[in-house]
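Here are my notes for anyone opening this structure for the first time. Keep the viewer beside you and take the points in order.

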Amino acid sequence: MTPLIELEGIGQRFGHITALSDIDLQLHAGEVVALLGDNGAGKSTLVKILSGAHRPTSGRILFEGRPVRLDTPQDARALGIETLYQDLALIPRMSIARNFHLGRELTRLVGPVRVLDHARMSAQASQALADIGIHVRNTDEPVVSLSGGERQSIAIGRAVHFGSKVLILDEPTSALSIGETRKVLGYIRSARENRMCVIFITHNLHHVFQVADRLVVLSQGRKVAEHHKDEVTEEQVADLIMSEHQELDGEGRHRHTEQSRSAGSPNKGRQPTG
Ligand SMILES: Nc1ncnc2c1ncn2[C@@H]1O[C@H](COP(=O)(O)OP(=O)(O)OP(=O)(O)O)[C@@H](O)[C@H]1O
Ligand SMILES: [Mg+2]
């Protein structure tokens, strides 16, 4: 099966800082991939490349098998790649319904004048959100009245409803309550059921094991591990994140990789099985 997205040898330099080097990664429809790594590992940089916010300095990106250029966030969105940051996704002062339809507003004619069709936008937003289990009091309320978790849900609901193919979440649950987090994790599962590919950055391994199918670990800008969730335990993944000196061998034991590191290719070639 052709991957939805394929990254080949992606590198990103900022002046003399190398944020990413030689990242190969395949992402498929209908899977949730957790992108893990310590602070500064390169996770946000990688998703910014996928969302058109950064142009990689090397490598190429294939979307549905074809090479693409993601020069701007609009380019990414046009392909169906939707990225959510905690506070960047919605416009606080606008209503839930307007935010839901942002860039895709519904209009109606009043005599010769075309005006926004608030009633239809409200009705559609409520229905679409309810369809994936998100219930808001009133879609005419401004987003500013919503909690962080509710905002995340609106943004996820919007991506699901308008048929985005890729949903990228950069630490969506870091500021949420337990209840809100549980809901957002539920919406991630709904997105997967809708055949979306979800890329999920978090420092919370417990969440990873609740929703992710696969996990990819970055360390100092390199991909150091890639596993199906069932192949590893939470503790082993924590070790992978904490130490770039170690990786898991086939039996889940640690082995040192000083030799491969000094050869300049830390842990390269680890691929998921199956
Ligand atoms: N615009 C930039 N200019 C210069 N350096 C940058 C820029 N963006 C990121 N970097 C550097 O690239 C490296 C990777 O940063 P990135 O934000 O991708 O890390 P991260 O894995 O998302 O970390 P965190 O978990 O703390 O969010 C860091 O060393 C960072 O300082
Ligand atoms: Mg980050």
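Which residue of β8 stands opposite Thr107? Point 1 has the answer.

1. **A small hairpin to start with.** The residue facing Thr107 is Leu116 in β8. Strand β7 (residues 107–110) and strand β8 (residues 113–116) run antiparallel and are joined by four bridges. Together β7 and β8 make a hairpin, with two residues between them. Have a look at Gly111 in that turn, where phi is positive at about 60 degrees.

2. **How far to trust it.** This is a predicted model, so keep an eye on the confidence values. The average pLDDT for the protein is 85, and 87% of the residues reach at least 70. The stretch to watch is residues 245–274, where the pLDDT is below 50. The model still gives this stretch 42 contacts beyond near neighbours in sequence. Where pLDDT is low, the predicted coordinates should not be read in detail.

3. **The overall inventory.** You'll find nine helices and 14 strands in the protein. Of its 274 residues, 39% count as buried. If you take the contacts with a separation of 6 or more, 64% of them come from residues 24 or more positions apart.

4. **The six-stranded sheet.** Trace the order β6-β9-β10-β3-β11-β12 and you have an open sheet of six strands with mixed pairing. Its edge strands are β6 (81–84) and β12 (222–228), each pairing on one side only. On average, neighbouring strands here are turned by 15 degrees against each other, ignoring direction. One pair to pick out is strand β3 (residues 32–36) with strand β11 (residues 214–219), which pair in the parallel sense over four bridges. Within that pair, Val33 stands opposite Arg214 of β11.

5. **Helices on that sheet.** Helix α6 (residues 178–193) packs on the six-stranded sheet, where it touches β3, β9 (166–170) and β10 (197–201). The directions of α6 and β10 make an angle of about 150 degrees. Helix α8 (residues 234–242) lies across β3, β11 and β12 and runs at about 25 degrees to β11.

6. **Two helices side by side.** How do helix α5 and α6 sit against each other, and at what angle? Helix α5 (residues 148–161) packs with α6 at about 5 degrees, and their axes are 9 Å apart. Angles under 35 degrees count as roughly parallel, and α5 and α6 are therefore roughly parallel to each other. On the α5 side, the contact is made by Gly148, Gly149, Gln152, Ser153, Ile156 and Val160. The α6 side brings Glu180, Lys183, Val184, Tyr187, Ser190 and Ala191.

7. **The core.** Nonpolar side chains tend to be buried together in soluble globular proteins. In this model the largest nonpolar core has 66 residues, and Leu35, Val198 and Phe200 are the ones with the most contacts inside it. Try selecting Val198: leaving out residues up to four places away in sequence, it touches Val32, Leu167, Leu169, Ile188, Ala191 and Arg192.

8. **The four-stranded sheet.** A second place to look is an open sheet in the order β2-β1-β4-β5, with antiparallel pairing. Here the edge strands are β2 (17–27) and β5 (66–68), each pairing on one side only. Neighbouring strands are turned by 30 degrees against each other on average, direction ignored. Helix α1 (residues 43–50) packs on this sheet, touching β1 and β2, and its direction makes about 60 degrees with that of β2.

9. **Pairings inside it.** β1 and β4 pair in the antiparallel sense over five bridges, with Arg60 of β4 as the bridge partner of Glu8. Strand β4 (residues 58–63) is joined to β5 by three bridges, and Ile61 has Val68 as its bridge partner there. Phe63 stands opposite Arg66 in β5. β4 and β5 also form a hairpin with two residues between them, and Glu64 in the turn has a positive phi of about 50 degrees.

10. **One residue up close.** Is Arg13 buried or partly exposed? Arg13 belongs to strand β1 (residues 5–14). It is partly exposed, because 14 other C-beta atoms lie within 10 Å, and a buried residue would need 20 or more. Leaving out residues up to four places away in sequence, Arg13 touches Thr18, Ala19 and Thr57. Arg13 and Thr57 are 44 residues apart in sequence, yet 6.3 Å apart in space, C-alpha to C-alpha.

Technical notes: Residues are numbered from 1 along each chain as its sequence is written. Chains are lettered from A and ligands numbered from 1 in the order in which they are written. This is a predicted model: local features need pLDDT of at least 70, side-chain atom pairs count only at pLDDT 80 or more; totals for chains, interfaces and linings use all residues. A nonpolar core is a set of buried Ala, Val, Leu, Ile, Met, Phe, Trp, Tyr and Cys residues joined through C-beta atoms within 7 Å. A residue is buried if 20 or more other C-beta atoms lie within 10 Å of its own, exposed if 12 or fewer, and partly exposed in between; C-beta atoms are placed from the backbone. Two residues are in contact if their C-beta atoms, placed from the backbone, lie within 7 Å. pLDDT is the predictor's confidence in each residue, from 0 to 100. Two strands pair if DSSP finds at least two bridges between them. Axes are lines fitted to C-alpha atoms, for helices over the stretch in contact, and angles run from 0 to 180 degrees between N-to-C directions. Angles under 35 degrees count as roughly parallel, over 145 as roughly antiparallel, 65 to 115 as roughly perpendicular and the rest as oblique.
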